[in-house]
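I opened this entry to record how the secondary structure elements are arranged. The notes follow the order in which I looked things up.

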Amino acid sequence: MAHFMDVHRGMHGITSDQLHQAHQADLAVEKGENVHFEQAWADPASGTIYCLSEGPSAEAVQRVHERAGHKADEIHEVPLSA
């Protein structure tokens with residue numbers, strides 16, 4: 001399985017609780033796409049959220065986000081890590 005980093009924009013002022021709720025929404029539907037969301041980070045000032053996941057494809061990651069109600073603006077496969 002591949003790792004993916006996705007980016008959501010336009011989430012200015014997001015709170016810790018809202019980020020947690022969005023992450024939980026992904027976790028609730030991820031199994032149907034054989035995806036696992038590992039971590040989410042947010043910058044409330046810029047309105048940017050980053051999510052790290054593992055799954056079979058960027059399309060599968062996007063389907064989870066769409067079902068959870070927050071489509072990603074960008075999804076990048078991350079083939080190398082240290």
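I looked up His36 first and found its bridge partner in strand 3 to be Glu54. The model is predicted, so I read this pairing as a computed one.

I then went through the pairing of strand 2 with strand 3, residues 48–55. The two run antiparallel and are joined by 7 bridges.

Next I asked in what order the strands form the sheet. I noted an open sheet of 4 strands in the order 2-3-1-4, with antiparallel pairing. At the edges I have strand 2 (36–43) and strand 4 (74–77), each of which pairs on one side only. From one strand to the next, I noted a twist that averages 20°.

I turned to the helices on the sheet. I found helix 1 lying across strand 2 and strand 3, and its run makes about 160° with strand 2. Helix 2 also packs on the sheet, where I listed strand 1 (2–8), strand 2, strand 3 and strand 4 as touched by it. The direction of helix 2 is at about 45° to that of strand 1.

Last, I checked how the helices meet. For helix 1 (residues 16–29) and helix 2 (residues 58–68), I noted a packing angle of about 115° and axes 9 Å apart. The crossing of helix 1 past helix 2 is right-handed. On the helix 1 side I listed Ala25, Asp26 and Val29, which meet Val64, His65, Arg67 and Ala68 of helix 2. I sorted this contact by class and recorded 4 nonpolar, 1 polar and 2 charged residues.

Notes: Residues are numbered from 1 along each chain as its sequence is written. This is a predicted model: local features need pLDDT of at least 70, side-chain atom pairs count only at pLDDT 80 or more; totals for chains, interfaces and linings use all residues. Side-chain values use heavy atoms; hydrogens and water are left out. Axes are lines fitted to C-alpha atoms, for helices over the stretch in contact, and angles run from 0 to 180 degrees between N-to-C directions. A crossing is left-handed if the near helix is turned anticlockwise from the far one by less than a right angle, and right-handed if clockwise. Contact means heavy atoms within 4.5 Å. Ala, Val, Leu, Ile, Met, Phe, Trp, Tyr, Cys and Pro count as nonpolar, Asp, Glu, Lys and Arg as charged, and the others, Gly among them, as polar. Two strands pair if DSSP finds at least two bridges between them.
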